[in-house]
Amino acid sequence: MSDTHAETVAFVRETMLPQKAPPASTVGPLGWAKANLFSSYVNGALTILSAAFIVFVLYEILPWLISPTWEGTSLTNCRELLAAAGDDRGACWGVIRERWQQLMFGFYPRTEYWRPVLTFIFLLVAIAPILFAQFVPAKVAYFSALFPFIAVWLLWGGTIWGPVLALLGFVVGFVVFRYASRAIAPALALAAGVVAAIIWWSVITPFVEPDLSRILPIGIRSVQSREFGGFMLSITIGVTAIMCSLPIGILLALGRQSDLPLVKSICVGFIEFIRGVPLITLLFVASVLLNIFLPPGTNFDIILRVMIMVTLFAAAYMAEVIRGGLAALPKGQYEGADSLGLDYWQAQRLIIMPQALKISIPGIVSTFIGVFKDTTLVSIISMFDPIGLSNAIRADTAWNGVYWELFIFIGFVFFVFCFSMSRYSMYLERKLNTGHR
């Protein structure tokens, strides 16, 4: 090619071509379906078969679910309503309309339903600083600390002095620890604080509470534990076990990795024993056998016994989940904490444990969900959780023969709680960037 021709012919475009819209078959719902559902002949065939199966299932189930029996007063009445509507099948939803309060509150006095409802509202307020700290004022955390005592008083009732004196026990223990730590080692100061709190609860509280209740009888109607039931019982046991098992599990995980042989042996023995025993066995121990080992005349509330056993069971599994998070941390994190001159507890609080908990979020939430669902096992020891109440409802001649409606309603409510926890876990993972970049 000559130099003259090279100077007159342009080989590089000086203007950009105008942008054009992508083909309609590659964007939007059509593009998504083509890429995910009909990307090949096999995928297309499987998509068509799956869609046909879903249509068939919905065709069979929807008429049963959408039945005009909401006003039914018994199983017989539901069948009459279905026959009048020209349908020979359908769910009897009248049992839910008539017994939903019992499924929610058990045998709790009807005039006192406002108390568990208010407690649940307070629960949402109390956990807000923990779940959504960036949106909630920090001062709400003070209410979170008071919530357990308020909840006990609202649910069980009685005079207000029991929860107040129990709260003062923690205050006394903290004050003793605070002043003792200035003169002795932190471990000894902590032991002194625990001993002071135990003395307050076991010696001073039983001596002072009756007089205060007599002089200033401030309180609400007392409700016995045998009147608890339904989802109120499941939420009470589940929330208590979830909140208490996490800190206990952290301590057990740290104890299992401790260099102190005695501490490590105790933690390993506890974890392996609890994980090797079915939860139902521990519940039987709490219900039947524990009274044998208690002093005569001791009144140990059955719900408190179940809470303790479920909490210990969840803590053992939580310890293993957190130990997995600790094992996943590189050794350099521990060496970095040592190079900064941090002691053991400072390193755990500031560097090690935040990262380990972040890694363990999926396992922690899975354990929480499992614990909440396992609360239905208390029906085996004659406690009226939703499953136990469904058996009691079906024992009524009016609803004898109703099965699926009750279990579908119970399963739906459990799904709402468990799905909410699962979604929050995913939100927390995205917020903390737990995924690998």
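**Exercise 1. Helix 6**

Task: In this predicted model, find how far helix 6 reaches from its first C-alpha to its last, and what its buried residues pack against.

Solution.
- Step 1. Helix 6 covers residues 114–131, which is 18 residues.
- Step 2. At 1.5 Å a residue, 26 Å is expected, and the helix reaches 25 Å from its first C-alpha to its last, close to that value.
- Step 3. Its buried residues are Arg 115, Pro 116, Thr 119, Leu 123, Ala 126, Ala 128 and Pro 129.
- Step 4. These buried residues pack against helix 5 (94–105), helix 7 (140–156), strand 2 (219–220) and helix 10 (230–256).

**Exercise 2. Arg 99 in helix 5**

Task: Decide whether Arg 99 is buried or exposed, and state which side chain it joins in a polar contact.

Solution.
- Step 1. Arg 99 is found in helix 5.
- Step 2. Its relative accessibility is 17%. Buried means under 20%, so Arg 99 counts as buried.
- Step 3. The side chains of Arg 99 and Asp 396 are joined by a polar contact of 2.7 Å.
- Step 4. Leaving out residues up to four places away in sequence, Arg 99 touches Ile 393, Asp 396 and Trp 399.

**Exercise 3. Helix 10 and its partners**

Task: Describe how helix 10 crosses helix 11 and helix 18.

Solution.
- Step 1. Two packed helices are described by the angle between their axes and the distance between the axes.
- Step 2. For helix 10 and helix 11 (residues 261–275), the axes come within 7 Å and cross at roughly 125°. That makes helix 10 oblique to helix 11.
- Step 3. The crossing of helix 10 and helix 11 is left-handed.
- Step 4. On the helix 10 side, Leu 252, Gly 255 and Arg 256 meet residues of helix 11, including Val 263, Cys 267 and Ile 271.
- Step 5. For helix 10 and helix 18, the axes come within 12 Å and cross at roughly 25°. Angles under 35 degrees count as roughly parallel, so helix 10 and helix 18 are roughly parallel to each other.
- Step 6. The crossing of helix 10 and helix 18 is right-handed. The contact is made by Phe 231, Ser 234, Ile 235 and Ile 242 of helix 10, with helix 18 supplying Phe 409, Ile 410, Val 413, Phe 414, Phe 417 and Met 421.

**Exercise 4. Helix 13 and Glu 320**

Task: Compare the span of helix 13 with the expected one, then place Glu 320 within its surroundings.

Solution.
- Step 1. Helix 13 has 27 residues, which should span 39 Å at 1.5 Å a residue; its end C-alpha atoms are 40 Å apart, which agrees.
- Step 2. At the start of helix 13, the backbone nitrogen of Ile 303 has a side-chain oxygen of Asp 301 within 2.9 Å.
- Step 3. Helix 11 packs with helix 13 at an angle of about 115°, and their axes are 9 Å apart. That makes helix 11 roughly perpendicular to helix 13.
- Step 4. The crossing of helix 11 and helix 13 is left-handed. Phe 270, Ile 271, Ile 274 and Arg 275 in helix 11 meet residues of helix 13, Glu 320 being one of them.
- Step 5. Glu 320 is found in helix 13 and is buried, with a relative accessible area of 18%.
- Step 6. Not counting residues up to four places away in sequence, Glu 320 touches Arg 256, Ile 271 and Arg 275. A polar contact of 2.9 Å joins its side chain to that of Arg 323.

**Exercise 5. Helix 16 and the loop that follows**

Task: List the buried residues of helix 16 and what covers them, then say where Ser 382 lies.

Solution.
- Step 1. The 14 residues of helix 16 (residues 361–374) should span 20 Å at 1.5 Å a residue, and the end C-alpha atoms are 20 Å apart, which agrees.
- Step 2. Buried in helix 16 are Ile 361, Ile 364, Val 365, Thr 367, Phe 368, Ile 369, Val 371 and Phe 372.
- Step 3. Their cover includes helix 10, helix 13, helix 15 (344–359) and helix 18 (404–432).
- Step 4. Ser 382 is in the loop between helix 16 and helix 17 (386–394).
- Step 5. With a relative accessible area of 63%, Ser 382 is exposed.
- Step 6. Most residues other than glycine have a negative phi. Ser 382 has a positive phi of about 65° although it is not a glycine.

Methods:
Residues are numbered from 1 along each chain as its sequence is written. This is a predicted model: local features need pLDDT of at least 70, side-chain atom pairs count only at pLDDT 80 or more; totals for chains, interfaces and linings use all residues. Side-chain values use heavy atoms; hydrogens and water are left out. Helices (H or I, at least four residues) and strands (E, at least two) are DSSP runs, numbered from the N terminus. Buried means under 20% relative accessible area, exposed over 50%, partly exposed in between (1.4 Å probe, protein chains only). A polar contact is a pair of N or O atoms within 3.5 Å; within protein, one must be able to donate a hydrogen and the other to accept it, and residues adjacent in sequence count only if both atoms are side-chain atoms. Contact means heavy atoms within 4.5 Å. The expected span of a helix is 1.5 Å times one less than its number of residues. Axes are lines fitted to C-alpha atoms, for helices over the stretch in contact, and angles run from 0 to 180 degrees between N-to-C directions. Angles under 35 degrees count as roughly parallel, over 145 as roughly antiparallel, 65 to 115 as roughly perpendicular and the rest as oblique. A crossing is left-handed if the near helix is turned anticlockwise from the far one by less than a right angle, and right-handed if clockwise.
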